[in-house]
Each structure stands twice: as structure tokens, then as C-alpha cells.
Amino acid sequence: MSAASRAEAPAYVAKTKVGRITDFVDERVGGSGILREFGRKVFPDHWSFMFGEVALYSFVILLLSGTFLTFFFDPSMAETHYDGSFTGLQNVEMSVAYSSSLDISFDVRGGLFMRQVHHWAALLFVASIAVHMLRVFFTGAFRKPRELNWVVGGVLLILAMAAGFTGYSLPDDLLSGNGLRIIDGVIKSIPVIGTYISFFLFGGEFPGTVIIGRLYMLHILLVPALILLMIVLHLFMVVVHKHTQYPGPGRNDGNVVGYPLGPVYAAKAGGFFFIVFGVIALMAAFFTINPIWNYGPYDPSPVSAGTQPDWYIGFVDGALRLMPGVIGDFHFEYVIFGYVLTLNVLLPALVPAGILFTVMFMYPWIERWITKDNREHHVLDRPRNAPTRTAIGMAGFTWYCVMWAAAGSDLIATHFNVSLNDVTYWLRALFFIGPVLAFIVTKRVALALQRKDREIALHGRETGRIVRLPHGEFIEVHAPLDDYKRYKLVGFESPAPLPAVPNEHGIVTRKEKRRAALSKLFFEDRVAPATPGELEAAHGHHGEHEAVETAEEQRSLTH
Amino acid sequence: MKALSQKRRHPLAAIALLLMGLLVTGGLYAVATTMNQAKASTTNFTEHDTEEGGKLFAANCATCHGMGASGTQDGPSLVGVGAASVDFQVGTGRMPMQMNGPQAQEKPVQFNEEQTRQLAAYVASLGPGPSIPEAGLLDEKGNAAEGGELFRVNCAMCHNAAAAGGALTRGKYAPPLAGVSGQHIYEAMATGPQNMPVFNDANISPEGKRDIITYLKQIETNGSPGGADLGALGPVAEGLFVWIAGLGVIIAFTIWLTSRTS
């Protein structure tokens, strides 16, 4: 609103006091303009679009419950003797950090509940991020223009894991100490600099007396600040790019079909926050998480059976468990110039996670390079309509799950009454075979589903009614689809492989040949959507069926 | 003394010294080990018990453990395992063993208390071994906090810090300890059944064992202060729960919220 227009127009005076105050504020901050802009933002509706929201709400809950916990937690590693209401640890020597965690659990009103809210919310936070990323991957939402937002999302996942891990270590109980010791071992296995990093981090030899305080600062200051920054970036880009939508009639890359944010969606989203809060609160109220009093204070000598990290670090722990110490006579530990290089820790701890995150971050560019597709995409792919991408995703997912399962190998052994060794051997085999199998099976399943879609688009839905024609032939009646449903089945792209193209010098480079080979792998096996011509032809075929049906109806009328 | 010092360079002096050393250490060792183990068979078993136990043994156990419990290819000798061992193995149903496997499985108890006592009496009569603990050690009135520390240092690596059990190699496992009687816990520590090591009185004193039993019974009766304990299995159970129950409920809500547009 410009100054001139304000001078001309008669000054608006609200009728009520509240209205006048609102108007006063609005004239100074321009809230109504912002509201007008955002309130009109259109969001498509689908349940799978809500996991990002779940993550955001979990984060808000984490901030709230975490603030409560900081009021009572003391991150000191000074030694003390427990003197609280839990008799099972009475007078046991422990760190102040552990003692204050016990006090939060047993002597602060509502403390145990808040601790459990915080921990369950943390698990849900990372889980919803993971599901959100899977949704984005399998629907192709990472394509132009959203590649950078995909990367920001990946950074958020790593930050969430970092937040979780630093928090996991704070209570200084046996479980968290064991977890820290593994991290210390991994750090120390890094050649040359590993021991130095470990000594800087722990302020001397593990466990030292400073690590809890340092992790606390990272956990409550640096990591949440970075997460907040990334969330702002993430949401900013969502606003800039607008939301993606599933394919449907009237939806294309130039529009967003849905309902505006205000007022209904805003109310729904606000209500959803309380639903997420409620689910977490119920879990915290009825289900124990991290019963630190069971584990006792940290002491470097005992390691409890069933020591695992929280689920999001599990795949790294699983990789460590799967790694053999020796294969036959082949050792993974070398002494070079008096320094020990222990590959049986270094390889499993860093390589699988490295591969996973590298491929994840680079995938949008890899696919863009293979497909040479530089268009903007706002309409999502149904996973079956991108069989190779879906297969790659499932291969990676399977690989992750094998490592994930390996982190619980001891519990698989005890609960299914099988040998721990056999579980490990099978998982080792699946580590290599699993992704390949998953790739092949997923691709075939996706192609089969596409074929089924094509069949339905062309011939309609099977009704299960068997009709006998006058000359004795039996046929099953197919009901034709309505246009909306048919659009969903035929409205997608099915790119053909792009052969290698010579560059401006007329040379087909080796890189281009590789790209062409990958393009062949991606798109060689494909099911093209039914064309209008094919639909027309099939419809003619349907005419026959419809004639039968009318004839049959007449017959039943005459009876 | 002079005679001794004159003969100190005698060719046999070294051998004599060696013999003396061996005798002293051997003697001390014998004293030490009997201190730990041999205060057995003092339990008031009657002649009758031993006799009846012998008959039961011949009928039910000798197939594998041999006549006179001297052991065969299928089962070890039971001479010197003590009454505690029999009371544990038979009293928890692990013996007689149903089949060979990585370790003897717990199953419904096969002998009544009287018969178990008779078997124990018979085996105890074969040679000295750990005896059935006195009631005073099983009163669960020790120091739970110290028991907890002992448990974490000595037991938790196999049995889990919350005594929920854990896996060992090749199908063997450390069972969960909830519902195990104090007497059986004590006997297991004293005799080291299956793959369990022996925690004799030099490792963990009888009072220490009493503390451990107190601790275990306390966590059993106290329950879980934070709500359902999900098997006390740690982060794996928690992760499984948040993925299946937590996210499951959330997904149900998202579907409900988006089922009707606006």
C-alpha cells in the first residue's frame, strides 16, 4: 500500500477495540498481505504428503520437551554417590550427569514422562524424515527444480541422526557409554589422524571427564540451530517451488490442483500437530523408552547383552557386526611402520554409510545425466511408472534393511531360536545378494503392474460376471472405466532409451557411451501407456460387450 | 642350620627346593579350592535319600551319565558336581534332557521335590561339590544396589543389564532371569550350568550372591516405572515399536485427514 493511496482513501476505522488494535499492528507489519499470499497457497491433498509435517511437529515437540529437560539436567562428569529415591542404585558411585538423569526420572515431577516424550519424539522425528525421503524418492519429487531441496533434506537427515546420537550419549548410563566407546573405536581406526581426533574429542583417553559436557553443548546448541536453519531453507524452497502433485485429470507441470491453505488446511495442519503430540504423549505415558535405571552408571568394563544404538544408527552398528575379522587366512588388520590399520573396523563403519549417503545426495544428478531430462517436473511419478528408479530405490532400501537387521542379530537369534552365527552368515550373504534380488524383483513387479494398468485402461475392469452368448461362447463382462480413472492409468510418460549422441566434434565419448548404456538399462524394458488410438480400437471391441449386456438385460426383462 | 648351609650346593639341592615349592603351592591350592567347593554334602541327606536317589539315577540318568555317574560318551561324569548342580538341572526341568542340542532346554519339571532331593543326595554322596544354599542366603534381604553392580560386571554381558537374556554363539543363549527362583539363581552361579561360567565363593562371595538375588527379585517385583517395558530388550524393541505402532497410528491419522478434501 503506497502513501499516496492511503492519503486519498478515507482512513479505515475498525468498529471494535480488538479490530483497531489489529489494524494498528497490520499497518505496521503488513500481516494481512502475508496472510493473503500464504492463505491462498494451494496444497494438493494426499496422505503421503504429510510425513514432512510429522517431522516438523516432532521437532517442535523435541524443542519443548528438551527445554524442560535442560532445567534439571547437569552435564557434569564429576563423581558422586546416588542419593535419590530409586533404591536399586542407592549409594552407587556415578557421574553427576547420570545422577541428574535419574533425578529427572524419579524425583522431578513429570520428569520421566518428559524424558520419554523427548526420546519417543526423537525416534519419530528421524523415522518420519526417513519415510518422507522414501516418498520423495519413489515419486520422483527430487527432480528439477527440487534437487537442492533434496540435498537440504539429506542434510537434515544427517543432522537429525547427529542430534539423536549426541542426545543418546548424555545420560551417561552403561548403554550410552557403550555406544560412545564404539564411536571412539571407529574414530581411532581412521588412519593417521584417528587417535588425535579421539584425544581432542574426549580430552584425553576415553572416556575422560569432558565428553558429556561437549556433547551436551552440541546437542542443545549447535545441532538444533543447524536443524532450524535447514528447516527454514527447506520450507522456503517448498514455497518457492510450490508443492508437487500426483498425476490426475487437469493436473500438469504448470499448475497445482488442490485447496488453499486458509482456512481449512491451516486448521487441519494445526490439528495434526496436536494429533502428533497426542500420539507421542500416549507412547510416552504407556511405554518405557531407554530405562536408564536398568543399565546402571557407565563403567568401561561391563558391556551388556543387547547393547544397541537407537534405530537410526543401527545400520552402522549392523555393518560392524557383519564384518568378518578374518576370511580364511586373509586378515583385515595390518601393521604399517608400527601403526595399526584395522580395516575390519574402518571399512564397515564408514564405507556403507558413505556409499549410501553419496548415492542418495547425487541421485538427482545421476538420473538427470542419464535421461538428459532438463524439464521442470511438478507432477509426480507413480512408482510403477518409473520401474528402474523404483528398483534402484528398493535395492538401496534392502541393503539398508539388511544392515539394520544385523544390528538386532542377537535378538533375532534368541527370539526365533536360531543360531547367532547362522543369522550373521545369512545376513552377510544378503548384504551382497539382497540388493540385486530386490532390484530384479521390484523392476519386474513394477512392469507387471504397468501391464495390468494398461490392460485395465484398454479393456476395463473385470466384473466377475460370466455371460453365455447365444452361440454358446462364454465371456467375462468388463466394465469400462470412467475418464478420471482411465486418465490415471494412461497419463504418464514412458521414455525410450536415449542412444549415444556424438558431441560437437562428432565424437561419441566414452562417457556418453556409458550414459547410453545406463539409459538402456533404465528404459529398455518398458510398458508404454495406452495411446488414444489403442483406446479407440479397444473401445470398439467393448461395443460388442455392451451389445451383449443390453441384449442380456432385455432378456431378463422379458422373463 | 650350619648343616643346611653346607649342603646348599649339593647337586640335589635344587630338586629338593623345587619339590618343596611345589608341595607348598599345591597344598595351598588344595586348601583354597576346598575352601570354595568342598563344603558340600553337609546338607542333611539321610542314608535313605541316597539309596532312593541311586535307584532313580540308575533308572533315569544312567543311560547318558553312566552307572555310578562315571560318565559316558553322551554325558559327563557327575562325580563332584554336588547337590546344587542336581537341584538346578533337575529342579528347572533341564534334566533329564529331552534331546541333544546346543544346550539343555528348560521344560516342565520331571521329578517332584522329594525325588529331586534324593537324586541330589545320591550325586552329592559320590564326591564333594557345591551344596544347596542355606535359606539365609536366599532371603532377598541383601543390598540391591551392590547386587546390581555385581550383576552388571559379572552377568549383564550375557543375561542383559535388565536380565532379559541374550544370545551366545551357535544357538546357545543366556536365558531371561525373570521368574527364576532365588535358589536356582544361586545354584547356577555356584555350579555354572550349560555355558555359564562358575562363580565360586572366591569370585563372588555368598553375600554377593545374596545381593544379586535381591537385585534380580527387586527389578522383577518393582516392574517398569515408565510403563510397558517392551520386553526390556533395549533400542531394537523401541525402534520396532516407533516404526510399527507410532508411525502406523500416524499414517492412519494422515489417511483420515486427507480422506475428505476440505
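Student: How many residues of chain A are in contact with chain B, and how many of chain B are on the other side?

Tutor: 58 residues of chain A are in contact with 54 residues of chain B. Two residues are in contact if their C-beta atoms, placed from the backbone, lie within 7 Å. Bear in mind that this is a predicted model, where local features need pLDDT of at least 70 and side-chain atom pairs count only at pLDDT 80 or more, while totals for chains, interfaces and linings use all residues. Residues are numbered from 1 along each chain as its sequence is written, and chains are lettered from A and ligands numbered from 1 in the order in which they are written.

Student: Which helix gives the largest share of the side of chain A that touches chain B?

Tutor: Helix 11 of chain A, with nine residues. Helices here are DSSP runs of H or I with at least four residues, strands are runs of E with at least two, and both are numbered from the N terminus.

Student: And how many residues on that side are nonpolar, polar or charged?

Tutor: They divide into 35 nonpolar, 19 polar and four charged. Ala, Val, Leu, Ile, Met, Phe, Trp, Tyr, Cys and Pro count as nonpolar, Asp, Glu, Lys and Arg as charged, and the others, Gly among them, as polar.

Student: OK, new topic. Which residues have the most contacts inside the largest nonpolar core?

Tutor: A:Trp120, A:Phe125, A:Ile280 and B:Val123, in a core of 161 residues. Helix 6 of chain A, residues 111–138, gives the most to this core, with 17 residues. A nonpolar core is a set of buried Ala, Val, Leu, Ile, Met, Phe, Trp, Tyr and Cys residues joined through C-beta atoms within 7 Å.

Student: What does A:Ile280 touch?

Tutor: Leaving out neighbours within four places in sequence, A:Ile280 is in contact with A:Ile61, A:Val117, A:Trp120, A:Ala121 and A:Leu124.

Student: Is B:Ala174 buried or exposed?

Tutor: B:Ala174 is buried, because 23 other C-beta atoms lie within 10 Å. The cut-offs are 20 or more other C-beta atoms within 10 Å for buried, 12 or fewer for exposed, and partly exposed in between, with C-beta atoms placed from the backbone. B:Ala174 sits in strand 2 of chain B, residues 173–174. Its contacts, not counting residues up to four places away in sequence, include A:Ala305 and B:His159.

Student: How far apart are B:Ala174 and B:His159 in space?

Tutor: 5.4 Å, C-alpha to C-alpha, with their positions 15 residues apart in sequence.

Student: What about helix 17 and helix 18 of chain A: at what angle do they pack?

Tutor: About 145°, with their axes 9 Å apart. The axes are lines fitted to C-alpha atoms, for helices over the stretch in contact, and angles run from 0 to 180 degrees between N-to-C directions. A:Asp453, A:Ile456 and A:Ala457 in helix 17 meet A:Arg486, A:Leu489 and A:Val490 in helix 18.

Student: Any backbone oddities? Which peptide bond ending at A:Pro145 is cis?

Tutor: The one from A:Lys144 to A:Pro145, with omega near 5°. A:Pro145 lies in the loop between helix 6 and helix 7 of chain A. In chain B, the bond from B:Met95 to B:Pro96 is cis too, with omega near -5°.

Student: What is phi for A:Lys372?

Tutor: A:Lys372 has a positive phi of about 55°, although it is not a glycine. A:Lys372 is exposed, since 11 other C-beta atoms lie within 10 Å. Most residues other than glycine have a negative phi.
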